[in-house]
Amino acid sequence: MISAKPFDYPYDGNLNARKTALIVIDLQEDFLSTTGYFAKQGYDPAPLRAILPAVNQLIAACRAAGIQIIHTRQGYREDLADMTPYEKWRRQRSGLEGTTALLRSSPGFQIVPELDVRPQDIIIDKTCNSAFTYTDFEHVLRAKGITHLLFSGCTTDVCVHTTLREACDRNFQCLTISDACASGDQYAHEAALYMVTVENGIFGALTDTAAVLEGLKKLRNSKA
């Protein structure tokens, strides 16, 4: 098990690597670069970049344990055919009309090179905040027999939390890793983490990278 609050994860003590995936959400140039979408909206990407060492530690430990790594990327089609009038209005209001920000055809759509991405990893491309909306994410999870999800990435209060909430509604067992998630708004980050634990863990459990690494170490040792 992994030490967490308000309960250790998973709740039944049965941590099965083959049924578990590490979800790495939207660690893309558009969010982490000083010239990307996030920075252009006035946010400091430094807190997002700061989690990269922890995420890479988790990726390495999960690979060693046999846990699937799944990355997500957010962006629209180059022709904007998947962008609603409201989304186009927001894009114009944000000063992004005519730019390549958040487009799948742009360099900003790519996962940052500092992240350890390998061919055996799965990449889910999404348009919405949730990795479940208009994607094959759930189908991939069900096809691979994955029932337990470990959450990392950005931003804690938007794409991480939206995907987490939908995962809980679909009866996946969820663990959010606090220091492997980040936001451009510290208050929103802390509030999003707090919300995981309310009502006795309504959105699963909350832990940190050290606890996950220790739990996975015990899992590997039990198989030795």
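User: Before we start, what does "contact" mean when I look at a residue such as Lys144?

Analyst: Contact means heavy atoms within 4.5 Å. Keep in mind that this is a predicted model. Here, leaving out residues up to four places away in sequence, Lys144 touches Arg18, Gln68 and Ile122.

User: Where does Lys144 sit in the chain?

Analyst: Look at the loop between α6 (137-143) and β4; that's the place of Lys144. You can also check how sequence distance and spatial distance compare: Lys144 and Thr20 are 124 residues apart in sequence, yet their C-alpha atoms are 9.6 Å apart in space.

User: And is Lys144 buried, exposed or partly exposed?

Analyst: Buried means under 20% relative accessible area and exposed means over 50%, with partly exposed in between. Lys144 has 42% relative accessibility, so it counts as partly exposed. For the protein as a whole, 50% of the 224 residues count as buried.

User: Now the sheet. How do strands hold on to each other in general?

Analyst: Strands of a sheet pair through backbone hydrogen bonds, either parallel or antiparallel. In this model, 6 strands make an open sheet with parallel pairing, in the order β3-β2-β1-β4-β5-β6.

User: Which strands stand at the edges?

Analyst: Those are β3 (122-126) and β6 (205-207); each has a single partner strand, so one side of each has no neighbour in the sheet. On average, neighbouring strands of this sheet are turned by 25° against each other, ignoring direction.

User: Can you show me one pairing up close?

Analyst: Sure, try β2 (residues 68-74) with β3: they pair in the parallel sense over 5 bridges. Thr72, for instance, has Ile124 in β3 as its bridge partner.

User: Which strands does helix α4 touch?

Analyst: Helix α4 (residues 52-65) packs on the sheet and touches β1 (20-25), β2, β4 (148-154) and β5 (173-182). Its direction makes about 155° with that of β1. Another helix to find is α8 (residues 186-201), which lies across β5 and β6 and runs at about 160° to β5.

User: Let's zoom out. How does the radius of gyration fit a compact globule?

Analyst: A compact globule of 224 residues would come out near 17 Å, and the protein has 17 Å, so the two agree. Its C-alpha atoms fill a box of roughly 55 × 35 × 30 Å along the principal axes.

User: What does UniProt list for residues 20-209?

Analyst: An unreviewed UniProt entry gives them as "domain: Isochorismatase-like". Over that stretch the chain is 38% helix and 20% strand, and the end C-alpha atoms are 16 Å apart.

Notes: Residues are numbered from 1 along each chain as its sequence is written. This is a predicted model: local features need pLDDT of at least 70, side-chain atom pairs count only at pLDDT 80 or more; totals for chains, interfaces and linings use all residues. Side-chain values use heavy atoms; hydrogens and water are left out. UniProt positions are given in the numbering used here, feature names are shortened, and annotations may be inferred rather than shown by experiment. Helices (H or I, at least four residues) and strands (E, at least two) are DSSP runs, numbered from the N terminus. Two strands pair if DSSP finds at least two bridges between them. Axes are lines fitted to C-alpha atoms, for helices over the stretch in contact, and angles run from 0 to 180 degrees between N-to-C directions. The radius of gyration is taken over C-alpha atoms; the globule rule is 2.2 Å times the number of residues to the power 0.38. Buried means under 20% relative accessible area, exposed over 50%, partly exposed in between (1.4 Å probe, protein chains only).
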